[in-house]
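Please open the model in your viewer and keep the sequence panel visible beside it. The tour below proceeds by selection, one stop at a time.

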Amino acid sequence: MRGATAQVIDALPEPGGQLAALYPEKLIFDVAGFPRVLAKDLVANLRQQAGQFGQPIHCGQRVVGLEEADGVFTLVTETDRFPSRAVIIAAGIGAFAPRKLPQACAEPWYGRGIDPVVRSPQDYAGKHVVIIGGGDSAFDWAHQLEGVARSIRLVHRSDRFRAHQATVDQVLASAAAGRSAVHTFHELADVVAEGDRLVALDLKDIKAKTTTRVPCDVVLPMLGFVSDMGALLDWGLTVEKDEIHVSQTMETGRPGLWAVGDVNTYPGKLKLIATGFAEACIAVNQAVHWVYPDKKVNPGHSSNLAVFGQKDD
Ligand SMILES: Cc1cc2nc3c(=O)[nH]c(=O)nc-3n(C[C@H](O)[C@H](O)[C@H](O)COP(=O)(O)OP(=O)(O)OC[C@H]3O[C@@H](n4cnc5c(N)ncnc54)[C@H](O)[C@@H]3O)c2cc1C
């Protein structure tokens, strides 16, 4: 809207922050204009809205450093570098990463049989897939991979699931019909390999204390996410309890860096989606004015902007 280029960088494989990672199936009641909205639907709408402007979103990119030279910041991720004249930190409660399986036997197989992030269902065509977990992601993928994977097993430590009931019912019905398998009260006991290829898993029944060997080409751990602030707070900012102090214009105190959303704090701060939206508007307009001093801080209303083909009243 302001005629500036921008890019979003996020550690998650998909945009959406806490809404996508922690509560996609929960209803939200306090976002203006939506009497009620599922968190995942709000994220989908935000993506669609942002997509109108064609600015790139770089997912799976965890920012590990910030460099500054000749008026240009460079955000450094584990694999890339992103130069920019201004940075808006919207890091929430930190970078999300998939929670790892606690069993030591699993560690050597990450990236060569254990996939922490699922990208395309077609990657699992014709394979024996074991999904570990009892939440939405576990059930969504068990359902989606039916008819694609050679076999699907869902393994969970209890018989209580934290997933949308309709999807749970679909997966349980499929297991009852013999199209997949659900192992409740089971956990990973060992990884079975032939050479350097994962071929099976030993699953332990934690009640009966017995072990079953099941064929497996790929393990998909769906155990939720852990978050970590990492190096982000060491950028010469005023930080207290993982929160960046900002002024009423969302300035961090380091010129060129603003902070919005759950990661910032100021007197009266409310950690809500609605306040995050407002803070982002304030920071963006300040940043645009800082990079282009001839542009106004206050751009006017979207309903009047030429960029949308709207005329001034
Ligand atoms: C269960 C639950 C229910 C909630 N319900 C509501 C509600 O009903 N209404 C409401 O208003 N609010 C609710 N909230 C709060 C709301 O989700 C947060 O206020 C909101 O998500 C904050 O958005 P954010 O963009 O600031 O941070 P986040 O949503 O935390 O997003 C931060 C993003 O930054 C990324 N990131 C962080 N560090 C890095 C790094 N180094 N490199 C790359 N990426 C990084 C993370 O991966 C993440 O995607 C709820 C929260 C929870 C946990």
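Which residues of H4 are buried? Select helix H4, residues 165-176, in this predicted model, and colour Thr-167, Val-168, Val-171 and Ser-174, which are the buried ones. These residues cover an arc of only 130 degrees around the axis, and therefore they sit on the same side of H4. Turn to the other side of H4, where Gln-165 and Ala-176 are exposed.

**The surroundings of H4**

Next, display helix H3 (136-144) and strand E12 (181-184), which are among the elements that cover the buried residues of H4. A distance drawn between the end C-alpha atoms of H4 should read 16 Å; this agrees with the 16 Å that twelve residues should span at 1.5 Å a residue. Beyond the helix, select Gly-178, which follows H4 and has a positive phi, near 85 degrees.

**The whole chain**

Now zoom out to the protein chain, which contains five helices and 21 strands. Along the principal axes, its C-alpha atoms fill a box of roughly 70 × 40 × 35 Å. Of the 313 residues in the chain, 38% are buried. Among contacts with a separation of 6 or more, 54% are between residues 24 or more positions apart.

Colour the chain by domain. The domain assignment gives domain 1 as 8-96 + 226-308 and domain 2 as 100-223. The centres of the two domains, taken over C-alpha atoms, are separated by 35 Å.

**Helix H2**

Select residues 39-51, which form helix H2. The helix has 13 residues and reaches 18 Å from its first C-alpha to its last, close to the 18 Å expected at 1.5 Å a residue. Show the side chains of Ala-39, Leu-42 and Val-43, which are buried. Viewed down the axis of H2, the buried residues fall within an arc of 100 degrees, so they line one face of the helix.

What covers these buried residues of H2? Add helix H1 (17-21), strand E2 (27-28), strand E3 (37-38) and helix H5 (273-291) to the display; the cover includes these four elements.

**The ligand**

Centre the view on the ligand and show the 26 residues around it. Of these, Asp-10, Tyr-23, Asp-30, Val-63 and Asp-262 come nearest. Three polar pairs may then be inspected in turn.

- At Asp-30, an N or O atom in the side chain is 2.8 Å from a nitrogen atom of the ligand.
- At Asp-262, a polar side-chain atom lies 2.8 Å from an oxygen atom of the ligand.
- At Phe-96, a polar backbone atom is 3.3 Å from an oxygen atom of the ligand.

**Loop residues with positive phi**

Which loop holds Asp-70? Select the loop between strand E5 (63-69) and strand E6 (72-77), where Asp-70 is placed. Although Asp-70 is not a glycine, its phi is positive, at about 50 degrees. Its relative accessibility is 80%, so Asp-70 counts as exposed.

Move then to Phe-185, in the loop between E12 and strand E13 (186-194). Phe-185 is likewise a residue other than glycine with a positive phi, near 55 degrees.

**Ile-206 and its contacts**

From Phe-185, proceed to Ile-206, for the two residues are in contact. Leaving aside neighbours within four places in sequence, the contacts of Ile-206 are Arg-157, Phe-185, His-186 and Glu-187. Ile-206 lies in the loop between strand E14 (197-205) and strand E15 (211-215). With a relative accessible area of 21%, Ile-206 is partly exposed. Draw a C-alpha to C-alpha distance from Ile-206 to Lys-40: the two are 34 Å apart in space and 166 residues apart in sequence.

**Gly-133**

Is Gly-133 buried or exposed? Select Gly-133 in the loop between strand E10 (128-132) and H3. Its relative accessibility is 4%, so Gly-133 counts as buried. Apart from neighbours within four places in sequence, Gly-133 is in contact with Ala-138, Leu-154, Val-155, His-156, Met-222 and Leu-223. As a last selection, add Gln-55, which is 78 residues from Gly-133 along the chain; their C-alpha atoms are separated by 35 Å.

Notes: Residues are numbered from 1 along each chain as its sequence is written. Side-chain values use heavy atoms; hydrogens and water are left out. Helices (H or I, at least four residues) and strands (E, at least two) are DSSP runs, numbered from the N terminus. The expected span of a helix is 1.5 Å times one less than its number of residues. Buried means under 20% relative accessible area, exposed over 50%, partly exposed in between (1.4 Å probe, protein chains only). The arc is that of the directions from the helix axis to the C-beta atoms. Contact means heavy atoms within 4.5 Å. Domain bounds come from an automatic or database domain assignment. A residue is near a molecule or strand if one of its heavy atoms lies within 4 Å of it. A polar contact is a pair of N or O atoms within 3.5 Å; within protein, one must be able to donate a hydrogen and the other to accept it, and residues adjacent in sequence count only if both atoms are side-chain atoms.
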